[in-house]
Amino acid sequence: MNPFEPVEDLGDDLVDNPLLDVERLQAATADKGLLPALRESLHAATARLDADFRAGRTTGELLRARGELVDQLLCTAWRALQLPESGMALVAVGGYGRGELHPSSDIDLLILIDEERGTPERTSTSLEPRAV
């Protein structure tokens, strides 16, 4: 699956998150493609978190909320890209892994692949069309 092409259905197992408008994400994914829709959802949530910060919500709450949102968006992407549910692991590292995902922070990830899946060259080739 090309992450820039429209996706008709993300499935019905999206977790209820006050920062994520699931219907809007579904519609944007079907219209614009997975990655543009996820990016749009992240930007909308960032604006909401900024407003919450200005309204006095604590930094700790905001960092946790942003991390939970990114968790959900990454899980959605993993499923939509039809990546395996076993033999591979997506690991958060850096500030994101520590639960300190600030608004301007990058999202550092590590993908671990079971040795049984094949050589690194074969695995990177199979992931290449899905890379962002």
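Strands are taken here as DSSP runs of E of at least two residues, numbered from the N terminus. The model described is a predicted one. On this assignment, the chain holds 2 strands alongside 5 helices, and their order along the sequence is α-α-α-β-α-β-α.

Strand β2 spans residues 109-113 and, with 3 residues, is the element that gives the most to a nonpolar patch on the surface. The patch covers about 340 Å² and is formed by L90, I107, L109, I111 and I113. Of these residues, I111 was examined individually. I111 lies in strand β2, and its relative accessible area is 41%. Because buried residues fall under 20% and exposed residues over 50%, I111 is classed as partly exposed. Membership of a patch requires over 30% relative accessible area, so the 41% computed for I111 satisfies that condition.

Over the chain as a whole, about 8,300 Å² of surface is exposed, and 52% of this area is supplied by carbon and sulfur atoms. The chain comprises 132 residues, of which 31% are buried. Among contacts with a sequence separation of 6 or more, 57% are accounted for by residues 24 or more positions apart.

Two residues of helix α2 were considered in terms of their accessibility and their contacts. Helix α2 covers residues 34-54 and includes R48; S41 is also placed in helix α2. The relative accessibility of S41 is 10%, and S41 therefore counts as buried, the limit for that class being under 20%. When neighbours within four places in sequence are set aside, S41 is in contact with L20, L25 and L73.

R48, by comparison, has a relative accessibility of 42% and is partly exposed. This assignment follows because the value for R48 lies between the limits of 20% and 50%. With residues up to four places away in sequence not counted, R48 touches P18 and L19. The latter residue is 29 residues from R48 along the chain, and the C-alpha atoms of R48 and L19 are 7.3 Å apart.

In summary, helix α2 contains the buried residue S41 and the partly exposed residue R48. In strand β2, the residue I111 is likewise partly exposed, and I111 belongs to the nonpolar patch together with L90, I107, L109 and I113.

Key: Residues are numbered from 1 along each chain as its sequence is written. This is a predicted model: local features need pLDDT of at least 70, side-chain atom pairs count only at pLDDT 80 or more; totals for chains, interfaces and linings use all residues. Side-chain values use heavy atoms; hydrogens and water are left out. Patches are made of residues with over 30% relative accessible area and no salt bridge: like charges are joined within 9 Å, nonpolar side chains (Val, Leu, Ile, Met, Phe, Trp, Tyr) within 5 Å. Accessible areas come from the Shrake-Rupley method with a 1.4 Å probe; for residues, only the protein chains shown count as cover. A salt bridge is a side-chain nitrogen of Lys or Arg within 4 Å of a carboxyl oxygen of Asp or Glu. Helices (H or I, at least four residues) and strands (E, at least two) are DSSP runs, numbered from the N terminus. Buried means under 20% relative accessible area, exposed over 50%, partly exposed in between (1.4 Å probe, protein chains only). Contact means heavy atoms within 4.5 Å.
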